[in-house]
Amino acid sequence: MGRLKVFAGITCLSFMLVGCDDLPAGAYPTEKNYANIVKTWLGSDEDDLISKWGVPENVYKSGRKKYLTYVNKRTVYIQGRSPRYQTSVFGNTAYTNSYGGSKGYNLDKSCQTTFTVSKGIITNVAYKGNDCVALDRPS
């Protein structure tokens, strides 16, 4: 597992445990932060990327260009909410009804990042998916 995957997993785990409301502005993962991080690789050497991100899941060559693709997939469990209960008493009998609540469910998350390499130098980066997020990098 690459360092990016571990970082993304830790980021999302801490995000789920703390929640948005308890974090200061800029302290939660965003797509903008992810874009800023992957763009820092533009102009870098292909070997430097591979040494930091690990071996890509897919390599495609077309003419003089090479495309390195990294994929991060995971499933997270979104916990359901407990219903609210209301009890009414009529005479000697109590009636309890439940309202609201929801079942938990699994949510598939993924991020696919592709770096374009020309003559050993990263010239472009593109990403897609619902999990291309990162924390803001410290200045």
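## A walk through the strands, a helix and a disulfide

Select Thr-114 to begin: across from this residue, in strand S6, stands Ala-126. Before you go on, keep in mind that you are looking at a predicted model.

**Stop 1: the hairpin around Thr-114.** Now pick Thr-113 and look for its bridge partner in S6, which is Tyr-127. Show S5 and S6 together, and you'll see two antiparallel strands joined by seven bridges. What lies between S5 and S6? Just two residues, and the pair of strands makes a hairpin. Click on Lys-119 in that turn: its phi is positive, at about 55°.

**Stop 2: the whole sheet.** Zoom out and add S1 and S2 to your selection. You now have an open sheet of four strands, ordered S1-S2-S5-S6, with antiparallel pairing. Which strands are at the edges? They are S1 (58-62) and S6, each of which pairs on one side only. Turn the sheet so you look across the strands: from one strand to the next, the twist averages 20°. If you're wondering what holds such an arrangement together, strands of a sheet pair through backbone hydrogen bonds, and they can do that in a parallel or an antiparallel way.

**Stop 3: the disulfide.** Go back to S5 and show the side chains of Cys-111 and Cys-132. Their sulfur atoms are 2.1 Å apart, and the two residues form a disulfide. That's a covalent bond between the sulfur atoms of two cysteines. Searching the whole structure turns up one disulfide. Where in the chain are its two ends? Cys-111 sits in strand S5 (residues 105-118), while Cys-132 is in the segment after strand S6 (121-128), so the pair links distant parts of the chain, 21 residues apart. Is the disulfide right-handed or left-handed? The torsion about the S-S bond is about 110°, so it is right-handed. Switch on a surface and check both ends: Cys-111 is buried, at 5% relative accessible area, and Cys-132 is buried too, at 3%.

**Stop 4: helix H3.** Select residues 46-53, which make up helix H3. Colour Glu-46, Leu-49 and Trp-53, which are buried. Why do these buried residues line one face of the helix? Seen down the axis of H3, they fall within an arc of 60°, so they share a face. The general rule helps here: an α-helix has 3.6 residues a turn, so residues three or four places apart point the same way. Spin to the other side of H3 and you'll find Asp-47 and Ser-51, both exposed.

Now look at the two ends. At the start of H3, a side-chain oxygen of Asp-45 comes within 2.9 Å of the backbone nitrogen of Asp-47. Just after H3, Gly-54 has a positive phi of about 90°.

**Stop 5: the core.** Keep Leu-49 and Trp-53 selected and add Tyr-34, Trp-41, Tyr-70, Phe-115 and Ile-122. The largest nonpolar core has 15 residues, and these seven touch the most other members. Which elements give two or more residues to this core? Helix H2 (31-39), H3, strand S2 (65-78), S5 and S6.

**Stop 6: the other hairpin.** Finish with S3 (residues 84-90) and S4 (residues 93-99), which run antiparallel and are joined by seven bridges. Val-89 has Ala-94 in S4 as its bridge partner. Two residues separate the strands of this hairpin, and Gly-91 in the turn has a positive phi of about 65°. How many of the seven residues of S3 are buried? Zero: this strand is hardly covered.

Methods:
Residues numbered from 1 in each chain as written. Predicted model: local features only at pLDDT ≥ 70, side-chain atom pairs only at ≥ 80, totals over all residues. Heavy atoms only, no water. Disulfide = S-S within 2.5 Å. Buried < 20%, exposed > 50% of the residue type's maximum accessible area, 1.4 Å probe, protein only. Arc of directions from axis to C-beta. Polar contact = N/O pair within 3.5 Å; in protein donor to acceptor, adjacent residues only side chain to side chain. Pairing = 2+ DSSP bridges. Core = buried A, V, L, I, M, F, W, Y, C linked by side-chain atoms within 4.5 Å. Axes fitted to C-alpha atoms, helices over the stretch in contact; angles between N-to-C directions.
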